[in-house]
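Please read the points below with the model open beside them. They are meant for someone who has not looked at this structure before.

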Amino acid sequence: MNAPTKDTLLRQLDMAWKLAAYHLEGLTTEECLWRPASAGPHVHRGTDGAWRADWPEHEGYGLGPPSISWTTWHMGFWWSMAFDHAFGGATLAREAVAWPGTAEGAREWLERLHRQWRDAIEMLPEAEFASTERTRWPFTGRPFADVVAWANAELMKNAAEIGYARFLYAVRGVPQ
């Protein structure tokens with residue numbers, strides 16, 4: 001059966017995931033918790049022991065760069081939300097998504113989300129990608145293919161952000 005939309009979206013997902021997996025490999029908790037600047041979105045351990053992420057009021061440059069922990073949290077957040085709203089009960093809220101607390105935990109979480117998302121996308125018939133039935137987050141009223149394409153773009157963007165922050169971390173303190 002010919003499924004050009006699904007096949008294209010899966011190839012894009014695979015390509016974006018290769019970049020993400022490359023930057024996640026060998027990632028340490030120290031790298032995750034390092035802050036590339038004095039300001040920027042980060043995660044904080046609450047009194048309950050859970051790691052909660054900052055939620056910026058805007059996305060302006062003055063906000064500062066995010067930490068790797070925040071970026072991995074963000075990946076897990078949007079992927080969890082997209083999956084729950086497309087294939088689950090559409091009840092998950094941002095406040096319920098915590099960062100795992102370690103680089104290994106974040107890597108395992110993201111690998112699980114990747115497998116879960118890819119398997120669900122792969123099982124869909126081609127007609128589902130033109131339907132709006134599963135499109136409940138991050139937008140509505142658009143073909144589900146738009147959600148999958150958006151997720152692919154978010155994955156590639158977040159992977160690049162992790163890579164850039166790892167480059168900065170690797171040369172911190174090196175004289176110029």
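The numbered points take the basis of the model, two helices, the largest pocket and some loop residues in turn.

1. On the basis of the model: this is a predicted structure, in which local features need pLDDT of at least 70 and side-chain atom pairs count only at pLDDT 80 or more, while totals for chains, interfaces and linings use all residues. Residues are numbered from 1 along each chain as its sequence is written, and side-chain values use heavy atoms, with hydrogens and water left out.

2. On helix α1: helices (H or I, at least four residues) and strands (E, at least two) are DSSP runs, numbered from the N terminus. Helix α1 covers residues 4-24, 21 residues in total, and its first and last C-alpha atoms span 30 Å, close to the 30 Å expected at 1.5 Å a residue, where the expected span is 1.5 Å times one less than the number of residues. Glycine 26, which follows α1, has a positive phi near 75 degrees.

3. On the two sides of α1: Lys6, Leu9, Leu10, Leu13, Ala16, Trp17, Ala20, His23 and Leu24 are buried, where buried means under 20% relative accessible area, exposed over 50%, and partly exposed in between (1.4 Å probe, protein chains only). Seen down the axis of α1, these buried residues fall within an arc of 140 degrees, so they line one face of the helix; the arc is that of the directions from the helix axis to the C-beta atoms. The face turned away from the buried side carries Arg11, Met15, Lys18 and Tyr22, which are exposed. The cover over the buried residues of α1 includes α3, α4 (103-123) and α5.

4. On helix α3: the 20 residues of α3 (68-87) reach 28 Å from first C-alpha to last, close to the 28 Å expected at 1.5 Å a residue. This helix is mostly covered, with 19 of its 20 residues buried.

5. On the largest pocket: about 680 Å³ of space lies in it. Of the 26 residues in its lining, Glu59, Pro66, Trp70, Lys157 and Glu161 are the closest to the centre. On a 1 Å grid over the protein atoms alone, a pocket is an open set of points with protein on both sides within 12 Å along at least five of seven lines, a 1.4 Å probe being used for the grid, and lining residues have an atom within 4 Å of a point. Helices α3 and α5 (144-170) each supply at least two residues of the lining, and α5 gives the most, with seven. The lining divides into 16 nonpolar, five polar and five charged residues.

6. On proline 65: this residue is found in the loop between β2 (51-53) and α3, and is partly exposed, with a relative accessible area of 37%. Its C-alpha atom is separated by 9.2 Å from that of glutamate 161, 96 residues apart along the chain. Leaving aside neighbours within four places in sequence, proline 65 is in contact (heavy atoms within 4.5 Å) with Pro36, Ala37, Ala39, Gly40 and Pro41.

7. On backbone geometry: most residues other than glycine have a negative phi, and most peptide bonds are trans. Alanine 90 has a positive phi of about 55 degrees although it is not a glycine, and its place is in the loop between α3 and α4. A cis peptide bond, with omega about 10 degrees, joins tryptophan 137 and proline 138, and proline 138 lies in the loop between α4 and α5.

Notes:
Grid points are joined across faces, edges and corners, and a volume is the space filled by probe spheres set on the points. Ala, Val, Leu, Ile, Met, Phe, Trp, Tyr, Cys and Pro count as nonpolar, Asp, Glu, Lys and Arg as charged, and the others, Gly among them, as polar.
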